[in-house]
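Thank you all for coming. I would like to take a few minutes to walk you through a structure that may be new to most of you, so please have a look at it first.

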Amino acid sequence: IDSLYCLIGDRIRGARESVGISQAKLAEKLRMSRTSVVNIEAGRQRLPIHVLWQIADEIGTEASLLIPRQSEYYEQAQPMSLDAETIE
């Protein structure tokens, strides 16, 4: 589950940066601390749906675009494994 929040945070950061809004400015608009925005973008803070919608509104996108597809999540969540040839 933590990787899901990391993926969401990455998307929020990318969308925020693409429109040129600083973390501090986004935090101000959302009436939260900059630390909360930092933690959301890092995937350390799990945000409620209504906050995701508020973030999307402030950065001019749809909340659904900030949520990865299941296939992206499963690809990210796959444990790495090395075959015998690679280990050698």
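Let me begin with a question: which residues in α2 meet which residues in α4? Before I answer, I should say that what you are looking at is a predicted model. The answer is that L26, K29 and L30 are the residues on the α2 side, and that they meet Q54, I55, E58 and I59 on the α4 side. If we sort the residues of this contact by character, 4 are nonpolar, 1 is polar and 2 are charged.

As for the geometry of this pair, the axes of α2 and α4, the latter being the helix of residues 49-59, come within 10 Å of each other and cross at roughly 120°, which makes α2 oblique to α4. The crossing of α2 and α4 is right-handed.

Now let me step back to the whole chain. There are 6 helices and 0 strands, so to speak a pattern of α-α-α-α-α-α when the chain is read along its sequence. The chain has 88 residues, of which 32% count as buried, and it exposes about 6,200 Å², with carbon and sulfur atoms supplying 49% of that area. If we take the contacts between residues at least 6 apart in sequence, 65% of them join residues that are at least 24 apart.

Let me return to α2, which covers residues 23-30, and turn to its packing against α3, which covers residues 34-42: here the angle is about 110°, and the axes are 8 Å apart. These two helices are therefore roughly perpendicular to each other, and their crossing is right-handed. On the α2 side the contact is made by Q23, A24, L26 and A27, while on the α3 side it is made by R34, V37, V38 and E41. By character, the residues of the contact of α2 with α3 divide into 5 nonpolar, 1 polar and 2 charged.

Finally, I would like to point out one residue outside the helices just described, namely L47, which lies in the loop between α3 and α4. Is L47 buried or exposed? With a relative accessible area of 12%, L47 is buried, because the cut-off for that word is under 20%. Setting aside its neighbours within four places in sequence, L47 is in contact with Y5, I8, I12, I40, L52 and I55. Of these partners, Y5 is 42 residues away from L47 in sequence, and yet their C-alpha atoms are 8.4 Å apart in space.

Key:
Residues are numbered from 1 along each chain as its sequence is written. This is a predicted model: local features need pLDDT of at least 70, side-chain atom pairs count only at pLDDT 80 or more; totals for chains, interfaces and linings use all residues. Side-chain values use heavy atoms; hydrogens and water are left out. Axes are lines fitted to C-alpha atoms, for helices over the stretch in contact, and angles run from 0 to 180 degrees between N-to-C directions. Helices (H or I, at least four residues) and strands (E, at least two) are DSSP runs, numbered from the N terminus. Angles under 35 degrees count as roughly parallel, over 145 as roughly antiparallel, 65 to 115 as roughly perpendicular and the rest as oblique. A crossing is left-handed if the near helix is turned anticlockwise from the far one by less than a right angle, and right-handed if clockwise. Contact means heavy atoms within 4.5 Å. Ala, Val, Leu, Ile, Met, Phe, Trp, Tyr, Cys and Pro count as nonpolar, Asp, Glu, Lys and Arg as charged, and the others, Gly among them, as polar. Buried means under 20% relative accessible area, exposed over 50%, partly exposed in between (1.4 Å probe, protein chains only). Accessible areas come from the Shrake-Rupley method with a 1.4 Å probe; for residues, only the protein chains shown count as cover.
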